[in-house]
Each structure stands twice: as structure tokens, then as C-alpha cells.
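This briefing covers one protein chain. It is arranged by topic, from the whole chain to individual residues.

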Amino acid sequence: MLETVSMRVPVRSAVRPLWNAARVVIPCIWRGKHFSSGNEPAENNRVTPMLRHLMYKIKSTGPITVAEYMKEVLTNPAKGYYVHHDMLGEKGDFITSPEISQIFGELIGIWFISEWIAAGKSAAFQLVELGPGRGTLTGDILRVFSQLGSVLKNCDISIHLVEVSQKLSEIQALTLTEQKIPLERNAESLVYMKGVSKSGIPISWYRNLQDVPKGYSFYLAHEFFDVLPVHKFQKTPQGWREVFIDIDPQVSDKLRFVLAPCATPAEAFIQHDETRDHVEVCPDAGVIIQELSQRIALTGGAALIADYGHDGTKTDTFRGFCGHRLHDVLTAPGTADLTADVDFHYLRRMAEEKVASLGPIEQQTFLKNMGIDVRLKRLHGGSHQMNAQQSRPSASPVAGFDELTWR
């Protein structure tokens, strides 16, 4: 289920560092329990360049965490980087039409403007998007800003995109910038690319959120957190044990899950009162949320996070998608998208007492409150109706917006 959360209103500025421990080598003998990721058709169980790379890595240094596996598969371009589902619709659960995606962006733009008005109409604000995909969502928001130019005419607006992929940043530039104005590139700078939007708004690209200038900002993260690496843990009679990935000794070119024989450093992120028997923890998400919270608390603004997630209730959500279908996460790595549902309870805890937060709520509820029904009626003459009691609106192009909002 895709959900949305928003953060706003500075409360406190102190933020404790979440993740400052270096990787620790633990002298454990790997004789623990193991289990397969599932049975995959033989034709899909092929040896990819990424699988060779991972097998070499495991043979050299031992089993790797699920977090390290995700990071290698999703961000290692030399070994087969796979484009995130927000570009290709790889989620499988919901395929949204271009017009619905456009309406979604328009409503997000209206939400930001309403927040700006409610906060007193600051003289300037930054729109910061994390993982902007092809740039279409930002483009839809900018179109709303242009249409409401009379409202924003005295406000100095700038766009800041956090994107680690050079290839994607070029696609974003084609989508957003005025091609008659040459892009400025500087690979050595924190701002590695600059341009101007078709409506004349400056756009800057960064590799890290920390590099974006501090100032009154609206932050957007749409299907960004669910591909950040997670650590997986299983409760055992001996206590929590982290799930690692190893080579199957019975099949030389196959990977398998194993349980660590002893405690690992990442176990520190599990809450002492945790009642589930299997949990997924994303330290990187906690770091980003603390950075966002600190920025909002110090300089003002708001953040909107929309993602597939839950409120601290789910257990094993790590899965793969290929061709809009579920795909074994350990089979043919580098050919499928990997994802894990976002734990919004964890995100909210990381922002606690630093900013005011609202959510999570289903994205369908958020969009209905923003007037998506009215917008759809105008487009389709009232032929599409959303049933508020249904998790998936029947015969409606808004399928896929049963999701989450944070404020």
C-alpha cells in the first residue's frame, strides 16, 4: 500500500546523529540456519554479471547483509544497475495512467502552495526533490506554479534535485530545462549541474541532500525511501539474528539467505519493545529523516513523503519486480528492481519532537482531500467515481493511489 506522510513546523533544532559507527568485523563461524529465497523457473536462474560480482565478493569476505546486497544491485552501474520502478512502473501492483500521474503532480504543487500561504508567504522557497526519476513530477509541479504565477509573483523560487545517477540527471534536464539555455556542468562541484526551467526557474543538481543549501524549503520524496537498503532480522531462541546472503553450497551459482550465528552491529536499530518476529530496518532512511527534520526545524518549510509502506506492522516485505511481476530477489540479480516497504513508524520516531508530523494516511485519502474527484470529473464528465470504501477504486484511473502522506 502506498502511503503519504508530511512534516512541517519547526519545533526543535537539536538532532542526534543516528549512524556514525564504522563497519565492524565480527569473528563468527557461519554454521547458522539457512533458507532458500524460493523456487524460481530454471530459465530465470541465469548467471548475470552482477551475480558473478556478488559471488566473488562473498567468497572473498564472507556472507553479506541484505542492505549491502541491495546497495550493490541497485547502485553499481558497472555491474548492472537497474532503473528504479518510478521510471518504468515495475511495482506491478498499480500502473497509473499518464493523466493520473499528471493530476497527482498538480495536486502536490497545490499542496506546497497552500503550505506556503499558511506559513505566511515567505519571500523565497526551495523545492527539493529526492530521487526525481525522469523529472515528470517536478515538471507537473512547475506547471502549477506557472498557472498560479499571480499568487507566487513576489516569491523567489528555485528547484534543487538530489540525484546520484548522471544518466537520470540528463533525462531530468531534457524534461525540465529550457534547451536554448546551455546547462552548466562541473563534476567536481557539489552542484554538479545547473540549468533553467522552461518557465525561467533555476534548477540545480546534487548527489547528496546535505549539499543542498539550507533555507526555507519544501521537500518531496515520491517512491524514494522504498529502495534504500534495509537490514533484515529474525527473532530466534538465542535473540535477534540478522539475515545475510551467502552462496548455496549445494548449487554453485545460486544465492541463499542465512542467519548470522551471533549479534551484528545493525541490531542496535531494533527497538527494545519490538513485538514482531521479523523486522526490516533502514538506517539510511533514518539519517535522511533526521536531516530533513533538522532543516525544517531550523529554516522552516515542509516535507511530503509518498511511498509503499506501513506503520510499523509488517514483517517480511523485501521483494523484487521484473516486467510488472514478482521476481525472486536472489535470482539473476541486476535484472529486477528490489524494494522493501517503508516503515513510517520508524521514520516518525526519527523525527520525533523536532517537527510536527501527520500520518501515515492512505494516499487515496490525501488525494481526495485535495480534490482529485473534482479534477477527474472535469476530465471525464463525471463518468469515473471513487468508492471511499474500496481500497482500489473500481473502473477508475486512480487505481494506485491507495497510499501515504506525512506532514
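The points below go from overall composition to cores, aromatic pairs and selected surface positions.

The model is predicted. The protein chain has 407 residues, of which 51% are buried. Its secondary structure consists of eleven helices and 19 strands.

**Overall figures**

- The protein chain has an accessible surface of about 18,700 Å², and carbon and sulfur atoms account for 52% of that area.
- Of the contacts between residues at least 6 apart in sequence, 77% join residues at least 24 apart.

**Nonpolar cores**

- The largest nonpolar core contains 58 residues, and Tyr69, Phe225 and Leu255 have the most contacts inside it.
- A second core, separate from that one, has 38 residues, including Phe104, Phe218, Leu220 and Ile372.
- Leaving aside residues up to four places away in sequence, leucine 255 touches Leu51, Leu54, Met55, Ile58, Tyr69, Ile245, Asp246, Ile247, Asp248 and Leu330.
- Tyr69 thus appears both among the residues with the most contacts in the largest core and among those touched by leucine 255.

**Aromatic pairs around phenylalanine 125**

- The count of aromatic pairs is eight.
- In one of the pairs, phenylalanine 125 and phenylalanine 145 have ring centres 5.8 Å apart and planes at 80°; the pair is edge-to-face because an angle over 60 degrees counts as such.
- Phenylalanine 125 belongs to strand 4 (residues 124-130) and phenylalanine 145 to helix 5, so this pair ties together parts that are 20 residues apart in sequence.
- Phenylalanine 125 has a relative accessible area of 2% and is buried.
- Phenylalanine 145, at 4% relative accessibility, also counts as buried.
- Phenylalanine 125 forms another edge-to-face pair, with phenylalanine 218, at 5.1 Å centre to centre and 70° between the planes.
- Because phenylalanine 125 lies in strand 4 and phenylalanine 218 in strand 9 (residues 217-222), the pair ties together parts that are 93 residues apart in sequence.
- Both phenylalanine 125 and phenylalanine 218 are buried.
- One aromatic cluster is formed by Trp111, Phe112, Trp116, Phe125, Phe145, Tyr216, Phe218 and Phe366.
- Phe218 is therefore a member of the aromatic cluster and is included in the second core, under whose rule buried nonpolar residues are joined through side-chain atoms within 4.5 Å.

**Glycine 301**

- Glycine 301 is located in strand 14 (residues 301-310).
- With a relative accessibility of 10%, glycine 301 counts as buried, since the cut-off is under 20%.
- The C-alpha atoms of glycine 301 and phenylalanine 125 are 8.1 Å apart in space, while the two residues are 176 apart in sequence.

**Leucine 148 and a nonpolar surface patch**

- Ile110, Ile117, Leu148 and Val151 make a nonpolar surface patch of about 270 Å².
- Leucine 148 is in the loop between helix 5 (136-147) and helix 6 (149-152).
- The relative accessible area of leucine 148 is 31%, so this residue is partly exposed.

**Valine 287**

- Helix 8 (residues 283-299) contains valine 287.
- Valine 287 has 28% relative accessibility and therefore counts as partly exposed.
- Valine 287 and leucine 347 are 60 residues apart along the chain, with their C-alpha atoms separated by 9.5 Å.

Technical notes. Residues are numbered from 1 along each chain as its sequence is written. Side-chain values use heavy atoms; hydrogens and water are left out. Patches are made of residues with over 30% relative accessible area and no salt bridge: like charges are joined within 9 Å, nonpolar side chains (Val, Leu, Ile, Met, Phe, Trp, Tyr) within 5 Å. Accessible areas come from the Shrake-Rupley method with a 1.4 Å probe; for residues, only the protein chains shown count as cover. A salt bridge is a side-chain nitrogen of Lys or Arg within 4 Å of a carboxyl oxygen of Asp or Glu. Helices (H or I, at least four residues) and strands (E, at least two) are DSSP runs, numbered from the N terminus. Buried means under 20% relative accessible area, exposed over 50%, partly exposed in between (1.4 Å probe, protein chains only). Contact means heavy atoms within 4.5 Å. Rings of Phe, Tyr and Trp (its six-membered ring) pair if their centres lie within 6.5 Å; planes under 30 degrees apart count as stacked, over 60 as edge-to-face and the rest as tilted.
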